[in-house]
Amino acid sequence: MFVIITRFGIRVLLRWTVGFVILVNLLTSCQPGKSRTGNQPVDTSRFIPAVEKPVDSLLTRETNALWQNLKKKQGKGILFGQQDATTSGVDWKSPVAGSDIRDVTGTFPALYGWEISGVGNPSNIDSIPFALLRERIIEAYSRSGVNTITWHLRNPVTGGSAWDTYPAVREILPDSSRHEFYKSQLKEVASFFHLLKTGTGSSVPVIFRPFHENNGNWFWWGKGHCTPDEYIRLWRFTVSYLRDSLKVHNLLYAYSTDMFETPMQYLERYPGDDWVDIVGCENYWDFQSGATISNGIAQLRMLVHIAGSRKKLSALTECGFDGIPIKNWWTQYLLTPIKSDSVARNISYLMVWRNANRKHYYVPFREQKSAPDFIQFEQDTFTLFEKDLGDIYTLKGQNR
Ligand code: BMA
């Protein structure tokens, strides 16, 4: 057909062509198939729909508000968090109610990471009593902080730690030898989540991040110890059992790999858009040296693109530098590279690991060499700490 192309027409045509190329690129770059390293067939049907709605359509009002408000904050600021921020610090440990972050900056973090390995017993893997953990989680919520929880479940076959890599995933899937045991563990998890309620009965939203770093080989659910298909079945069973059978409705689900190189690699074990709210990755390595920061940023860019095309949120779910040996690490190695990248800056949050003692810590204490830089990091308007957060649990026009 003959068409007279005006300048306006060319612009429209160009826009459509560019749009089409981007779309094709996105679709093909995120296409699953054979992994670079494995030959496991992957169910491609799970990659098709891009859903705006969260995994759980019966989310509590506050959890839904958290999801919506995190979406609104994209690109405007990044929540800063720490594992065990108010249960242990460099020279103190629970039950003292402290916070190394507040000691140095005067404010609490916006996000708190917690660990529930051992749930059902009196204390978790790091000797924090569950009763105390519950208190700290509810306190964080009352201050409008965001809680995220990992679960280093002990190896369900051997009873060894999460780092015991005996291949156990296939044994806990439905109709397998340890399935009932796994269900009993999920019941403990659900009871804990059900107990996260304030005095007025509002249940505390949690970003749940089970079976993380799944492309590493150090956990029993990691690469090499289960197939992508087994991992995906485990994830889907876990979500549906918690949500549909045990009626837990205060969770957003975060899926996290360790470092990765391509979207295809990232998506190799991705459980599907109906099963994930937040796509995350954990990367300690790339932000520790000037030579590798660009790799870290490239991964965040891929993550933001993956999240955007699937209507998910993205996050740097763990990062940090044990002992923070570089004086200006916070502003020069972490904040500036992320903030100045127009794509990477769209991640919703980043979290550093815990302060256990003087040999294992990820935020500075008062006299630590990076403390002045950490204060600058906090004062930057792009980093969100508790005092910058506002009420993330209400939507406009609602009361908490
Ligand atoms: C690791 C270390 C351990 C801890 C585990 C689970 O990275 O901090 O000391 O037991 O995480 O929290």
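This note sets out points on the strands, two buried side chains and the ligand site of a predicted model.

1. Strand β4. This strand covers residues 111-115, and five of its five residues are buried, so β4 is largely enclosed by the rest of the structure. L111, G113 and E115 point one way from the strand, while Y112 and W114 point the other way. Residues directed to either side are buried, E115 among them. In a regular strand, side chains alternate between the two faces of the sheet.

2. Neighbours of β4. On one side, β4 is joined to strand β1 (residues 78-83) by three bridges, and the two strands run parallel. Within this pairing, Q82 has Y112 of β4 as its bridge partner. Strand β5 (residues 146-151) is also parallel to β4, and five bridges join the two. Y112 serves here too, standing opposite N147 in β5. Between β4 and β5 the chain passes through helix α4 (residues 130-142), and this β-α-β crossover is right-handed.

3. Strand β5. Six of the six residues of β5 are buried, so this strand, too, is largely enclosed by the rest of the structure. V146, T148 and T150 point one way, and N147, I149 and W151 point the other way. The buried set therefore includes N147, T148 and T150 along with V146, I149 and W151, since buried means under 20% relative accessible area. Towards β4, V146 is the bridge partner of L111. Towards strand β6 (residues 206-210), β5 forms five bridges in a parallel arrangement. One of the pairs between these two strands is W151 with P210 of β6.

4. Strand β10. The strand spans residues 349-352; Y349 and M351 point one way from it and L350 and V352 the other, and all are buried. β10 pairs with β1 in the parallel sense over four bridges. Its pairing with strand β9 (residues 313-319) is likewise parallel, over three bridges. V352 takes part on both sides: V352 is the bridge partner of Q82, and C319 stands opposite V352. Together with helix α10 (residues 329-339), β9 and β10 make a right-handed β-α-β unit.

5. The link through Q82. Which residue of β4 is the bridge partner of Q82? It is Y112. In β10, the bridge partner of Q82 is V352. Read across the strands, Q82 thus has a partner in β4 and a partner in β10. Y112 in turn stands opposite N147 in β5.

6. S117. This residue is found in the loop between β4 and α4. S117 is buried, with a relative accessible area of 5%. Its side chain reaches the backbone oxygen of H152 at 2.8 Å.

7. W235. The residue belongs to helix α7 (residues 228-245). W235 is buried, with a relative accessible area of 1%. Its C-alpha atom is separated by 9.1 Å from that of Y270, and the two residues are 35 residues apart along the chain.

8. Ligand surroundings. Which residues surround the ligand? They are D126, W163, W353, R354 and H360. By class, this shell has two nonpolar, one polar and two charged residues. Under that classification W163 and W353 are the nonpolar members, H360 is the polar one, and D126 and R354 are charged.

9. Polar approaches to the ligand. Three residues of the shell place a polar side-chain atom at a short listed distance from an oxygen atom of the ligand: W353 at 2.9 Å, R354 at 2.7 Å and H360 at 2.8 Å. Taken alone, the ligand exposes 310 Å², of which the protein buries 71%.

Key: Residues numbered from 1 in each chain as written. Predicted model: local features only at pLDDT ≥ 70, side-chain atom pairs only at ≥ 80, totals over all residues. Heavy atoms only, no water. Buried < 20%, exposed > 50% of the residue type's maximum accessible area, 1.4 Å probe, protein only. Pairing = 2+ DSSP bridges. Right-handed = clockwise from strand over helix to strand, strands pointing away. Near = heavy atom within 4 Å. Polar contact = N/O pair within 3.5 Å; in protein donor to acceptor, adjacent residues only side chain to side chain. Areas by Shrake-Rupley, 256 points an atom, 1.4 Å probe, with all protein chains shown as cover.
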